[in-house]
Amino acid sequence: MAGDGYPLPFGYGDVARFLTGVVDLNRAGGAGFDDVAGDVARLGLPAGTPVLVCLSNGRRLLDMYFAVLLAGGVPLTVSPATSSARIAALATEVGAGAVVAARPDPARYGGETVVAVGDAQAVVLPARYRRTGVAGTVLMSTSGTSGLFSACLHRADSLVRNARRHADAVGLTGRDTVLVNLPLFYSYAIVAQALAALVTGARLVVSGPPFSPEAYEAAVGRYAVTSSSLTPTIARLLLAQGTRLPVGLRMLTVGGDRIAPEHVTRLRSANPDVELYVTYGLTEAGPRVSTLAAHREPPGRHGSVGVPLDGVTVSLRGAPPDGTAAELLVSADTVMLAKVGTRQAGRTLVAPGVVATGDLFRIDDGYLFFEGRLSDFVVVRGEKVSLHAVRQFVQSLPDVVRCSTHVGEDAAGTTHFDLEVGVTGGTDVARQRIRRAVDRFLLAGERPRDITVHEADLAVFQK
Amino acid sequence: MNIAASIRDILVTDVFVEVPVDEMHDDDSLRDVYGLDSLGFVELRVQCEKRFGVTISTDDFTPENFATVGDLTALVDRLRQDTVAAGAQPR
């Protein structure tokens, strides 16, 4: 696949040395990076061809990611829990040349055979669907904001630049050992953890689900982990259980969703020896935007996501008066080049290098305070869900003429959403068909709790 | 249906794993081969509790016990025996 394009900020040797040091907690042995890189090159895809990588967290995923990139391909990692129908649709949208998974059924992707690539298998997709992009770029899907069939296109060197800025903001160095238990298809994990480890020389330890506090503590102790990143959901779990952070941890970052200031304060109180960083970012921005070093701040700032990284400029849309919330605009040389695939409103480029976040902020003395979201998504069981994307999907089903989402909370305060669907024809059959399609196509967090189906009054829609 | 067969059925019916039941093996990794993510493991835990009438505690909800179909079968078997020993009736 090798060819012209954006230069990579690392060479084969750098990557091979880095990967040799990666510790995979879930999988021992397996093919070496040289074998994987050779197999990827033998796929014979043109430079700039997107390759979907649907593998679980671990060394195997990282081997594949870097092998595709070094061969001139454009890697796009997606959750291995994604259904083949959805992967096939995404592959078509981005013009992918191959899908790599553990045990793919080629017929589900329009292919005929599988080809071994290391310990995984590739289905080379029919050439008629392929669209060639530019070598040295990467596609990143976002869980909630890009929709079901789109991804953000970034230069690989800008992701590395963002990783360096993140490392500087949290003091990550070659003396650190970074534990990854967030999914590597999250932009935060691949950039702020994997790429940051690559460029700083930190050691990487990769784990996977299910998360268990005991396994987490054991991994930190056994591998002398100094740096860890958790979602607010897991941080709250640890607080609720009264579990202190494992001994030996130097720093913890928490991000990916809003964390309440009182939880930040409690995390600090329970773990006074651990540096605590609250992070904000979005895949479209590259992804890291701002950092709060909570251990150096008074409690009054624990509700903030801190100050922008070096090289990142923020402003509020419309330049409102001080103290007023408005949509945050992020300007940086790490912002995505474009969105590829099905587009939707929110989190879009408003100019080259400037992205509208869809998030409401106020800025106080340079510190960013999250006030809410403009964009149409919710966090369900720790996963960001684009309600717009769910509605779009359901409205694409046969006989569906209308779909609305209703967000609620149960008695325990857990967020859920329900669907109300208007159909033509019989509602019982439609309900079964919609439920089957939703269960088969959407990820677990994206599935509505209840689906109400009623016969649509077509006259209502005839304006 | 024995425990392992029931777990394979749960994987296909409730967790929506696309690997056909007759191509599943006891030593297949739930994460690496079947692609379970964090919510997939939560769903598998809940469905096993319902199907087998056992409670899978947080202490037992570990990567080791949920590594393969075989590992999970062993866990459910142990929990069912514990349930019987406690005088309750597992399913």
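Begin by selecting the whole of chain A in this predicted model: of its 463 residues, 51% count as buried. With chain A still selected, turn the C-alpha trace onto its principal axes, along which the trace spans about 65 × 55 × 45 Å. A compact globule with 463 residues would have a radius of gyration near 23 Å, and the 22 Å of chain A agrees with that. Among the contacts in chain A with a separation of 6 or more, 69% are accounted for by residues 24 or more positions apart.

Next, switch to a cartoon coloured by secondary structure, in which chain A shows 11 helices and 26 strands.

Now colour chain A by domain, taking 12-140 as domain 1, 156-332 together with 340-373 as domain 2, and 377-461 as domain 3. Keep domain 2 and domain 3 of chain A in view: their centres, taken over C-alpha atoms, are separated by 31 Å. Where these two domains touch, 4 residues of domain 2 of chain A are in contact with 4 residues of domain 3 of chain A. The side contributed by domain 2 of chain A has no nonpolar residues, 3 polar ones and 1 charged one.

The following stop is an open sheet of 8 strands in chain A, whose order is E5-E6-E4-E2-E3-E7-E8-E18 and whose pairing is mixed. To find its borders, select residues 115-117 for strand E5 and 338-341 for strand E18 of chain A, the edge strands, each of which pairs on one side only. Looking across the sheet, expect a twist that averages 30 degrees from one strand to the next.

Within this sheet, zoom in on strand E7 (residues 137-140) and strand E8 (residues 150-155) of chain A, which pair in the antiparallel sense over 4 bridges. Which residue of E8(A) is the bridge partner of A:Leu139? Selecting A:Leu153 shows that partner.

Then add the helices that lie on these strands. Helix H5 (residues 156-170) of chain A packs on the sheet and touches E7 and E8 of chain A, its direction making about 80 degrees with that of E8(A). Helix H4 (residues 84-94) of chain A lies across E2 (50-54), E3 (74-77), E4 (98-101), E7, E8 and E18 of chain A, and runs at about 160 degrees to E2(A).

Finally, bring chain B back into view and select its contact with chain A, which takes 18 residues from chain B and 24 residues from chain A. On the chain B side, the residues that touch chain A divide into 9 nonpolar, 4 polar and 5 charged.

Methods:
Residues are numbered from 1 along each chain as its sequence is written. Chains are lettered from A and ligands numbered from 1 in the order in which they are written. This is a predicted model: local features need pLDDT of at least 70, side-chain atom pairs count only at pLDDT 80 or more; totals for chains, interfaces and linings use all residues. Two residues are in contact if their C-beta atoms, placed from the backbone, lie within 7 Å. Ala, Val, Leu, Ile, Met, Phe, Trp, Tyr, Cys and Pro count as nonpolar, Asp, Glu, Lys and Arg as charged, and the others, Gly among them, as polar. Domain bounds come from an automatic or database domain assignment. Helices (H or I, at least four residues) and strands (E, at least two) are DSSP runs, numbered from the N terminus. The radius of gyration is taken over C-alpha atoms; the globule rule is 2.2 Å times the number of residues to the power 0.38. A residue is buried if 20 or more other C-beta atoms lie within 10 Å of its own, exposed if 12 or fewer, and partly exposed in between; C-beta atoms are placed from the backbone. Two strands pair if DSSP finds at least two bridges between them. Axes are lines fitted to C-alpha atoms, for helices over the stretch in contact, and angles run from 0 to 180 degrees between N-to-C directions.
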